[in-house]
Amino acid sequence: MPTNDPKFYVSTPIYYVNDRPHIGHIYTTTLADVLARYHRLRGDRTFFLTGTDEHAAKVVDTAKEKGFTAQQWADQNAGVFQDTFKKLGMSNDDFIRTSQDRHTSRVKQYIQQLIESGDVYAGEYEGWYDAGQEEYLPENKAKEYDYRSPFNNKPLVRKVETNYFFKLSAYQDRLTELLNDHPQFVQPDARRNEVLGRIREGLNDVPISRSGSGGWGIAMPGDESQTVYVWIDALFNYYTTVDTDDRRAFWPADVHLIAKDILWFHAVIWPAMLMALDLPLPKQVYSHSFWISEGQKMSKSLGNFIDLEKIDEYVDEFSLDALRWYLSTQGPLGSTDSDFAHGKFVDVYNSDLANTLGNCAARVTNMIVRYFDGKMPAAAPGREDAEARQLRSVAMGMYEKVDTLYEKVAVAAANDAALEVVRAVDTFIEQTQPFKLAKDESQRERLGMILYYCAEALRIASLGLSPVLPDKMAEFWQLLGITYDTQAGDLADWCQWGGLQLGSDVQKGAPLFPRKQDK
Ligand code: MSP
């Protein structure tokens, strides 16, 4: 993700349409949303894509059980994902569904091209098939898992098929080179090493079609008896969506956000297919870890599953921004899993949002209302003492820190860099004691300077926080009497010191984050 490139394309996995949205889908989509909002704020032309993966064989089965056609069932469930993301304020620029014409027609075209280049050929395949995951496991893996699915523990099925293969084996050297020479291509590093290790074991050609799909899926070009394997179909979504005149400039994607469960497809198969098509490669596949819940793997039977209903409860009680804060500061960005635990949620909410950010914003706006009738006091240039200079320097240093961290998808650390400015305001208030100065008329100019510095530092902090807390920071801007067009921002400029105007109206609002008890 180079910072000097003024465009930014971020994607999430496209989600299986048979599932109902849960914390996992919402987490990856929230992260992508945060990155997209950051880049829009920075002024980058931004494209944020999410969507649904619809051609899985189980869609046909479930639809039948429920008395629908596969398309009807897919329409209904894709609608649930769309509504959920809308309700949760996701700012995706498009929502791709693999059953859409714009996707299927292009996939056929790319596969035709791969047949012509010799990268796809007809052959026979026999192997251990995991029906739940719709994937074949290599012999060594199948054995390791005792011929059972590592995902649902059901027995693997021995399957023989005539189908089309992609010549993955031809790309072993180029893939190795890619991962070695461009460590950014797969992040975090632990995940990249995992992939490199598996590539070193050798790459086999992979089947990219299957037979008998009941007419659901994309027919193989030139062979109607075969359907394009759902994973190959799905991976192409990242490119089909932007393979249009007005969007082609977004390619290559800057970050494909995924979790570790689908790393192999994104770090190996996808780049190899793009190499075969002579297309530029995405700049990064960022593979986060998993949420567990209350210390254990999420499961419906344990009753610790964080489903949509649970998420709604958190949003109702704490606000959407509070959920976004928890997900993006406590989430599994690195190579270890994270725990979604109620007690921890309340602690993080109270400490970061209620006691630090909310409290500081209320203190500063309240003092300006009380001591200066709600008119922004003057900065008193030339009167800056050491403490004030220190605060200004922390605030002015924020943009660069945050920008470097966002470039690494280090969202939690970026949030902390912005919150550090808020903590510096608290320290400054403790040092200068404006509430005491207010009692002494001769200190009026100094009091004004102090409150201006507090408000100005908070304004800068709020910009750094706004990708994660878009609603609450907009509310705060209203109290300060300012607005920002976050859709097409100029963050570097906005983070310069001196944005607040003398005499502008400041209001005392309702608390941004009221304190909560852990029930
Ligand atoms: N359809 C495929 C992806 C195709 S992309 C070309 C698929 N779909 S999925 O619905 O199973 O979504 C998997 C993704 O959901 C993970 O990669 C991750 O982004 C998210 N998560 C699902 N469960 C999760 C957790 N428990 N924790 C964090 N994210 C997880 O695979």
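## Helix packing around H10

Helix H6 (residues 172-181) and helix H10 (residues 263-276) have axes that come within 10 Å and cross at roughly 115°. This is a predicted model. Angles of 65 to 115 degrees count as roughly perpendicular, and H6 and H10 are therefore roughly perpendicular to each other. The crossing in which H6 passes H10 is right-handed.

Helix H10 also packs with H7. The axes of H7 and H10 come within 11 Å, with a crossing angle of roughly 60°. That angle falls outside the perpendicular range of 65 to 115 degrees and is not under 35 degrees, so H7 and H10 are oblique to each other. The crossing of H7 and H10 is right-handed.

## The shell around the ligand

There are 23 residues around the ligand, and those that come nearest are Ile-14, Thr-28, Asp-53, Asp-261 and Trp-291. By residue class, the shell divides into 13 nonpolar, eight polar and two charged residues.

Both side chains and backbone supply N or O atoms to the contacts with the ligand. In the side chain of Asp-53, an N or O atom is 2.7 Å from a nitrogen atom of the ligand. The side chain of His-25 has an N or O atom 3.5 Å from an oxygen atom of the ligand. At Ala-259 the contact comes from the backbone, where an N or O atom lies 3.1 Å from a ligand oxygen atom. The ligand taken alone exposes 680 Å², and the protein buries 94% of that area.

Two or more residues of the shell come from each of these elements: strand S1 (7-16), helix H1 (23-42), helix H8 (230-235) and helix H9 (237-240). Strand S1 gives the most, with four residues.

## Cis peptide bonds

Which residues does the cis peptide bond with omega of about -5° join? Gln-187 and Pro-188 are the residues joined by this bond. Pro-188 is placed in the loop between strand S7 (186-187) and helix H7 (189-200). Helix H7, which follows that loop, is the helix whose axis crosses that of H10 at roughly 60°.

A cis peptide bond also joins Trp-251 and Pro-252, with omega of about 0°. The loop that holds Pro-252 runs between H9 and strand S12 (255-259). Helix H9 is among the elements that give two or more residues to the shell around the ligand. The range of strand S12 ends at residue 259, and the backbone of Ala-259 has an N or O atom 3.1 Å from a ligand oxygen atom.

## A positive phi at Val-409

Val-409 is not a glycine, yet its phi is positive, at about 60°. Where does Val-409 lie? Its place is the loop between helix H14 (386-407) and helix H15 (411-432).

Definitions and conventions: Residues are numbered from 1 along each chain as its sequence is written. This is a predicted model: local features need pLDDT of at least 70, side-chain atom pairs count only at pLDDT 80 or more; totals for chains, interfaces and linings use all residues. Side-chain values use heavy atoms; hydrogens and water are left out. A residue is near a molecule or strand if one of its heavy atoms lies within 4 Å of it. A polar contact is a pair of N or O atoms within 3.5 Å; within protein, one must be able to donate a hydrogen and the other to accept it, and residues adjacent in sequence count only if both atoms are side-chain atoms. Accessible areas come from the Shrake-Rupley method with a 1.4 Å probe; for residues, only the protein chains shown count as cover. Ala, Val, Leu, Ile, Met, Phe, Trp, Tyr, Cys and Pro count as nonpolar, Asp, Glu, Lys and Arg as charged, and the others, Gly among them, as polar. Axes are lines fitted to C-alpha atoms, for helices over the stretch in contact, and angles run from 0 to 180 degrees between N-to-C directions. Angles under 35 degrees count as roughly parallel, over 145 as roughly antiparallel, 65 to 115 as roughly perpendicular and the rest as oblique. A crossing is left-handed if the near helix is turned anticlockwise from the far one by less than a right angle, and right-handed if clockwise.
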